[in-house]
Amino acid sequence: MPASIRPPRRTHAWYESQGNLGGRLNSLRAAVLGANDGIVSVAGIVIGVAGATSDRHALVVAGLAGLSAGAMSMAVGEYVSVSAQRDSEKAMLAMEKAELAAMPEAELTELEGLLGEAGMSEQTSKVAARELTEHDALGTHARVELDIDPSHDRANPVSAALASLGAFIAGGVIPFLAVLFAPNTAAVMVTVIAVVVALAITGFTSARLGRAPAGLAVMRNVAGGLFAMGVTYLIGTLFGTTIS
C-alpha cells in the first residue's frame with residue numbers, strides 16, 4: 001500500500017489519549033448537565049414565588065436561597081456518591097487480590113471462562129489468560145471481571161463535589177440575575193426568556209458532546225424547562241391566592 005494512503009499506526013499511547021479525550025468530554029458533558037440543573041431548579045423556584053407574589057425582595061431572596069441550597073445539595077450528593085464508589089472499588093480490588101493469593105488456579109480458570117464468554121476460542125482463552133495473569137494478574141481481573149481500571153486514578157470526591165458546585169452555580173446564576181436586574185413589571189418574562197436561551201445553549205452543547213441530533217435535544221431541553229416553570233408558577237399562583 002502506498003505510504004500516502006497507508007493508515008497511521010495506532011500505538012498504545014494513541015489509544016490511551018483517545019480514552020483520556022473521552023473522559024474529558026464526559027466530564028464536560030456532565031458539567032453542562034449540572035449547569036442545566038441549576039438553570040431549571042433556580043428558575044422553577046423564582047417563577048413559583050413570582051406566581052405567589054410580585055414583591056421583588058421575596059423573588060431575590062428565593063432565587064438566592066434556591067441557588068445556594070441547590071449548589072450545596074449537588075456538591076454534597078456528588079461527594080457522597082463518588083466516595084461510596086471509591087470505597088466500593090477499593091473493597092472489590094482488595095477482595096480480588098486476596099482471592100488471587102489464596103486460589104490462583106481457580107482465578108485462572110475463571111479468567112479463561114470470562115475470555116471465552118467474550119468470544120475467544122477455548123485454546124486462545126487458555127493461552128491469553130495465562131499470559132495476562134503472568135503480566136498483571138490483579139489488573140487483568142480488575143478490568144475483565146470487575147470493570148475497574150486500577151492503573152487510572154479514581155475520581156476525587158472533593159474535586160467532583162467542587163465541579164458539581166461550580167456547574168450548578170454557573171447555570172443557576174442566569175435566572176437569578178434575570179430576576180435581580182429585570183424591571184418589576186417584566187421580571188417573569190425576562191427570566192423566562194433568559195432561561196429559554198440558556199437551555200437552548202446547554203441542550204445544543206450537550207448534544208454536540210454526545211454526538212446526538214442537536215435540534216431534538218434543544219427542543220426537549222427547552223420544553224422541559226418551560227414545563228417546570230409553568231407548573232411551579234401555577235402552584236405559586238394557587239397557593240399565593242389561597243394564603244392571601
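Gly166 is found in helix α5. Helices here are DSSP runs of H or I with at least four residues, strands are runs of E with at least two, and both are numbered from the N terminus. At 37% relative accessibility, Gly166 counts as partly exposed. Buried means under 20% relative accessible area, exposed means over 50%, and partly exposed lies in between, with a 1.4 Å probe and protein chains only. The C-alpha atoms of Gly166 and Ala75 are separated by 8.7 Å. Along the chain these two residues are 91 residues apart.

The model is predicted: local features need pLDDT of at least 70, side-chain atom pairs count only at pLDDT 80 or more, and totals for chains, interfaces and linings use all residues. Residues are numbered from 1 along each chain as its sequence is written, and side-chain values use heavy atoms, with hydrogens and water left out.

Stay with α5 for a moment. Leu162 has its place in this helix too. Leu162 counts as exposed because its relative accessibility is 54%. Its C-alpha lies 9.6 Å from that of Met72. In sequence, Leu162 and Met72 are 90 residues apart.

Now take the whole chain. How many helices and strands does the chain have? There are 7 helices and 0 strands. Read along the sequence, the pattern is α-α-α-α-α-α-α. The chain has 244 residues, and 30% of them count as buried. Its accessible surface comes to about 14,700 Å². Carbon and sulfur atoms hold 65% of that surface. Such areas come from the Shrake-Rupley method with a 1.4 Å probe, and for residues only the protein chains shown count as cover.

Contacts tell how the chain folds back on itself. A contact means heavy atoms within 4.5 Å. Take the contacts between residues at least 6 apart in sequence: 72% of them join residues at least 24 apart.

Next comes α6. This helix has 23 residues. From its first C-alpha to its last it reaches 33 Å, close to the 33 Å expected at 1.5 Å a residue. The expected span is 1.5 Å times one less than the number of residues. Among the buried residues of α6 are Ala187, Val195, Leu199 and Ala207.

Thr191 is also in helix α6. Is Thr191 buried or exposed? Thr191 is buried, because its relative accessible area is 0%. Leaving aside neighbours within four places in sequence, Thr191 is in contact with Ile47, Pro175, Ala178 and Val179. Thr191 and Ile47 are 144 residues apart along the chain, yet their C-alpha atoms are separated by 8.0 Å.

After α6 comes Arg211, whose phi is positive, near 55 degrees. Most residues other than glycine have a negative phi. Asp147 has a positive phi as well, of about 60 degrees, although it is not a glycine. Where does Asp147 lie? Asp147 lies in the loop between α4 (122–144) and α5 (157–181). Asp147 is exposed, because its relative accessible area is 71%.

Ala142 touches Asp147. Ala142 lies in helix α4 and is buried, with a relative accessible area of 0%. Not counting residues up to four places away in sequence, Ala142 also touches Leu93, Ile148 and Pro150. The C-alpha atoms of Ala142 and Glu96 are separated by 7.7 Å, with their places 46 residues apart along the chain.

Glu112 belongs to helix α3 (residues 104–117). Glu112 counts as buried because its relative accessibility is 14%. Beyond residues up to four places away in sequence, Glu112 touches Ser125, Lys126 and Ala129.

The last stop is a pocket. A pocket is an open set of points on a 1 Å grid over the protein atoms alone, where a 1.4 Å probe fits, with protein on both sides within 12 Å along at least five of seven lines; lining residues have an atom within 4 Å of a point. The second largest pocket has a volume of about 210 Å³. That volume is the space filled by probe spheres set on the points, which are joined across faces, edges and corners. Which residues lie nearest its centre? They are Arg29, Gly203, Ser206, Ala217 and Arg220, from a lining of 15 residues. Three elements give two or more residues to this lining: α1 (12–52), α6 (187–209) and α7 (214–243). Gly203 and Ser206 are among the buried residues of α6.
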